[in-house]
Amino acid sequence: MSRSFERREFVQISACAALGTGLVGCASLAVVSVPTGGGRARLVLRDYPQLASPGGYLRVQPDDLPHHLLVFAGDAGEFTVVSPVCTHRQCIVSVAGPRLVCPCHGSEYERDGTVTMGPAERRLDRYPAEVNAAGELVIDLEAV
Ligand code: FES
């Protein structure tokens, strides 16, 4: 296990416990805290088996952002990173299979942030991300 992984905290687990649900059922609610530097967040991919298969996803909380990000593993080894903040009135969307659904007024998005159903008219903010030679997913937090 890498040193960076040991420092990471899983937050919201206690919220799951408070809701009376088991940890297994709460795994999708966990948000992984990731350090940032130079306007970038770095995620050591081998530490997150959730992202090892196409369709997997993870919620990450960069130090410098007021909200978490959604990281999705694609079919060809690529990753998509989007903001969960609905562009209609800023509620936080939920992952519902292949879609992202806003609980406030029903907007829906593709996992790449494209709007598929309003009232939202603008796509979710998307953060450029690429895997470096060290196997880290580097997310550019300043490009949005
Ligand atoms: S805030 Fe998301 S649909 Fe209105």
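Here are three short exercises on a predicted model, each with a worked solution.

**Exercise 1. Follow the sheet**

Find the order of the strands in the open sheet of 4 strands, and name its edge strands.

*Solution.* Start with the general idea: strands of a sheet pair through backbone hydrogen bonds, either parallel or antiparallel. Here, the order is β8-β9-β10-β11, and the pairing is antiparallel. Next, look for strands that pair on one side only: these are β8 (94-96) and β11 (115-117), the edge strands. Finally, let your eye move across the sheet: from one strand to the next, the twist averages 35°.

**Exercise 2. Zoom in on one pair**

Work out how many bridges join β10 to β11, and which residue of β11 stands opposite glutamate 108.

*Solution.* First, locate β10 at residues 108-110. This strand runs antiparallel to β11, and 2 bridges join them. Now take glutamate 108: across from it in β11 you will find methionine 117.

**Exercise 3. Explore the core**

Describe the largest nonpolar core, then look at what isoleucine 139 touches.

*Solution.* Begin with the count: the core has 25 residues. Val60, Leu69, Val71, Phe79, Val81 and Ile139 have the most contacts inside it. Then ask where the residues come from. Several strands each supply at least two, among them β2 (31-34), β5 (57-62) and β14 (136-140), while β6 gives the most, with 5 residues. At least three residues come from each of domain 1 (1-83 + 126-144) and domain 2 (84-124). Last, pick isoleucine 139: leaving out residues up to four places away in sequence, it touches Arg40, Ala41, Leu69, Val81, Tyr127 and Ala129.

Terms used
Residues are numbered from 1 along each chain as its sequence is written. This is a predicted model: local features need pLDDT of at least 70, side-chain atom pairs count only at pLDDT 80 or more; totals for chains, interfaces and linings use all residues. Two strands pair if DSSP finds at least two bridges between them. Axes are lines fitted to C-alpha atoms, for helices over the stretch in contact, and angles run from 0 to 180 degrees between N-to-C directions. A nonpolar core is a set of buried Ala, Val, Leu, Ile, Met, Phe, Trp, Tyr and Cys residues joined through C-beta atoms within 7 Å. A residue is buried if 20 or more other C-beta atoms lie within 10 Å of its own, exposed if 12 or fewer, and partly exposed in between; C-beta atoms are placed from the backbone. Domain bounds come from an automatic or database domain assignment. Two residues are in contact if their C-beta atoms, placed from the backbone, lie within 7 Å.
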